[in-house]
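Here's a quick briefing to read alongside the model. Have the viewer open and click along as you go.

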Amino acid sequence: SRQADLTAGAFTTVPASDRMSSSVVGVEVYNKDFQDIGTIKDVAYSGTGIKAYIVGVGGFLGMGDHYVAVNPSAVHVTYDTSAKDWRATMNATADPPKAAPEFKYPG
């Protein structure tokens, strides 16, 4: 039956420890000196996982941002259980991301 087809392996559970893209979109990225690098605006996926974090850099209060695609291995995203808040850090100064090639959405 169609109902059996839909339930046989179509659904799964998501452990609480798994990251959701909605949890990290909007998170500020800081460097080790607590300088603001930018804001995670989007997450790009490939068939094998996260391809890049799309980070808005160079703007002020969201105005004048341009986007850069950052390798996920360069951004350390963690959840601070005591503050109940997501954090993102990157080993960079504030300037190199601004000078990185600009990411533009297709179309």
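A residue is called buried under 20% relative accessible area, exposed over 50%, and partly exposed in between. Arg87, with a relative accessible area of 38%, is therefore partly exposed. Keep in mind that this is a predicted model. The protein chain has 3 helices and 6 strands, and from the N terminus on they come in the order α-α-β-β-β-β-β-β-α.

**The chain overall**

- Of the chain's 107 residues, 23% count as buried.
- The accessible surface adds up to about 7,600 Å², and carbon and sulfur atoms own 54% of that.
- If you take the contacts with a separation of 6 or more, 37% of them join residues 24 or more positions apart.

**How the strands pair**

- Start with β1 (residues 28-30), which runs antiparallel to β2 and is joined to it by 3 bridges. Tyr30 sits opposite Asp36 in β2.
- The β1-β2 hairpin has 5 residues between its strands, and in it Phe34 takes a positive phi near 65°.
- Next, β2 (residues 36-46) pairs with β3 (residues 49-57), antiparallel again, over 7 bridges. These two strands also make a hairpin, with 2 residues between them.
- Two bridge partners to click on here are Asp42 with Ile54 in β3, and Ile40 with Val55 in β3.
- On to β4 (residues 66-70), which pairs with β3 in the antiparallel sense over 5 bridges. Gly56 has Tyr67 of β4 as its bridge partner, while Val55 stands opposite Val68 in β4.

**The nonpolar core**

- The largest nonpolar core holds 16 residues, and Ile40, Tyr53, Val55, Val75, Ala88 and Met90 have the most contacts inside it.
- The elements that put two or more residues into this core are β2, β3, β4, β5 (75-80) and β6 (85-90).
- Which residues make up the covered face of β4, and which the uncovered one? His66, Val68 and Val70 are on the covered face, with Tyr67 and Ala69 on the uncovered one.
- As a rule, side chains in a regular strand alternate between the two faces of the sheet.

**Tyr30, a residue to look at**

- Tyr30 belongs to strand β1. At 32% relative accessibility, this residue counts as partly exposed.
- Leaving out residues up to four places away in sequence, Tyr30 touches Gln35, Asp36, Ile37, Ala88, Thr89 and Met90.
- Tyr30 and Ala88 are 58 residues apart in sequence, yet their C-alpha atoms are 6.4 Å apart in space.

**Aromatic pairs**

- There are 3 aromatic pairs in the structure. One of them is Tyr67 with Tyr105, edge-to-face, at 6.0 Å centre to centre and 85° between the planes.
- Why does this pair tie together parts that are 38 residues apart in sequence? Because Tyr67 lies in strand β4, whereas Tyr105 is in the segment after α3 (95-99).
- Both tyrosines are partly exposed: Tyr67 at 28% relative accessibility and Tyr105 with a relative accessible area of 40%.
- Bring Phe103 into view as well, since ring pairs link Tyr67, Phe103 and Tyr105 into a cluster.

**Salt bridges**

- How many salt bridges does a search of the whole structure find? The search turns up 3.
- Asp80 and Arg87 meet through their side chains at 3.3 Å, N to O.
- Asp85 also forms a salt bridge with Arg87, with the closest N and O atoms 3.8 Å apart. Asp85 counts as partly exposed, at 38% relative accessibility.
- Put those together and you get a salt-bridge network linking Asp80, Asp85 and Arg87.
- There is also a salt bridge between the side chains of Lys32 and Asp33, at 3.9 Å, N to O. Lys32 is exposed, with a relative accessible area of 64%.

Technical notes. Residues are numbered from 1 along each chain as its sequence is written. This is a predicted model: local features need pLDDT of at least 70, side-chain atom pairs count only at pLDDT 80 or more; totals for chains, interfaces and linings use all residues. Side-chain values use heavy atoms; hydrogens and water are left out. Helices (H or I, at least four residues) and strands (E, at least two) are DSSP runs, numbered from the N terminus. Buried means under 20% relative accessible area, exposed over 50%, partly exposed in between (1.4 Å probe, protein chains only). Contact means heavy atoms within 4.5 Å. Accessible areas come from the Shrake-Rupley method with a 1.4 Å probe; for residues, only the protein chains shown count as cover. Two strands pair if DSSP finds at least two bridges between them. A nonpolar core is a set of buried Ala, Val, Leu, Ile, Met, Phe, Trp, Tyr and Cys residues joined through side-chain atoms within 4.5 Å. Rings of Phe, Tyr and Trp (its six-membered ring) pair if their centres lie within 6.5 Å; planes under 30 degrees apart count as stacked, over 60 as edge-to-face and the rest as tilted. A salt bridge is a side-chain nitrogen of Lys or Arg within 4 Å of a carboxyl oxygen of Asp or Glu.
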